[in-house]
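Here is a short note to help you find your way around. Please keep the structure open while you read.

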Amino acid sequence: MTIEISKEARQQAITSIERYFSENMEEKIGNIAAGALLGFFLEEVGPIVYNKAVVDVQERLQSRISEVDLEVHEDEFQYWRKFDRQKKGK
């Protein structure tokens, strides 16, 4: 599976890589090299991040699903209880 990002996000990422190199490395990186580095990371490391996100979402959804019964639970046989309460109130 190929991880693709929008042109705008790609350009922002390349700009960020260039800035990182400019501020933190002894030599600068050009636009083409930054794009290649981004491509490498998207292909090589991107799936790790993607797979972790999928696992996190699955865990979150499982948690929510396990609580559905608490959120939408309705007590059974309530019809006569309302009349019993009215009689006790008199």
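1. How many salt bridges does the structure hold? There are 3 salt bridges in this model, which is a predicted one. One pairs the side chains of Glu23 and Arg19, with 2.7 Å from N to O. Both residues belong to helix α1, which covers residues 7-24, and because they sit 4 residues apart there, about one helical turn separates Glu23 from Arg19.

2. Next, have a look at how two helices meet. Helix α2 spans residues 31-44 and helix α3 spans residues 46-66; their axes cross at roughly 45° and come within 4 Å. That angle is why α2 is described as oblique to α3. On the α2 side, the contact is made by Phe41, Leu42, Glu43 and Glu44, while α3 brings Gly46, Pro47 and Ile48. Sorted by class, the residues of this contact are 4 nonpolar, 1 polar and 2 charged.

3. Now turn to the largest pocket, whose volume is about 150 Å³. Its lining includes Met1, Thr2, Ile3, Glu4 and Ile5. Arg10, Gly39, Leu42, Glu43 and Pro47 also line this pocket. Helix α2 gives the largest share of the lining, with 3 residues. By class, the lining has 5 nonpolar, 2 polar and 3 charged residues.

4. A last pointer links the two previous points. Leu42, Glu43 and Pro47 take part in the contact of α2 with α3, and Leu42, Glu43 and Pro47 are also among the residues that line the largest pocket.

How values were computed:
Residues numbered from 1 in each chain as written. Predicted model: local features only at pLDDT ≥ 70, side-chain atom pairs only at ≥ 80, totals over all residues. Heavy atoms only, no water. Axes fitted to C-alpha atoms, helices over the stretch in contact; angles between N-to-C directions. Parallel < 35°, antiparallel > 145°, perpendicular 65-115°, else oblique. Contact = heavy atoms within 4.5 Å. Nonpolar A, V, L, I, M, F, W, Y, C, P; charged D, E, K, R; others polar. 1 Å grid on protein atoms, 1.4 Å probe; cavity = no way out; pocket = protein on both sides within 12 Å on 5 of 7 lines; lining within 4 Å. Points joined across faces, edges and corners; volume = space filled by probe spheres on them. Salt bridge = Lys/Arg side-chain N within 4 Å of Asp/Glu carboxyl O.
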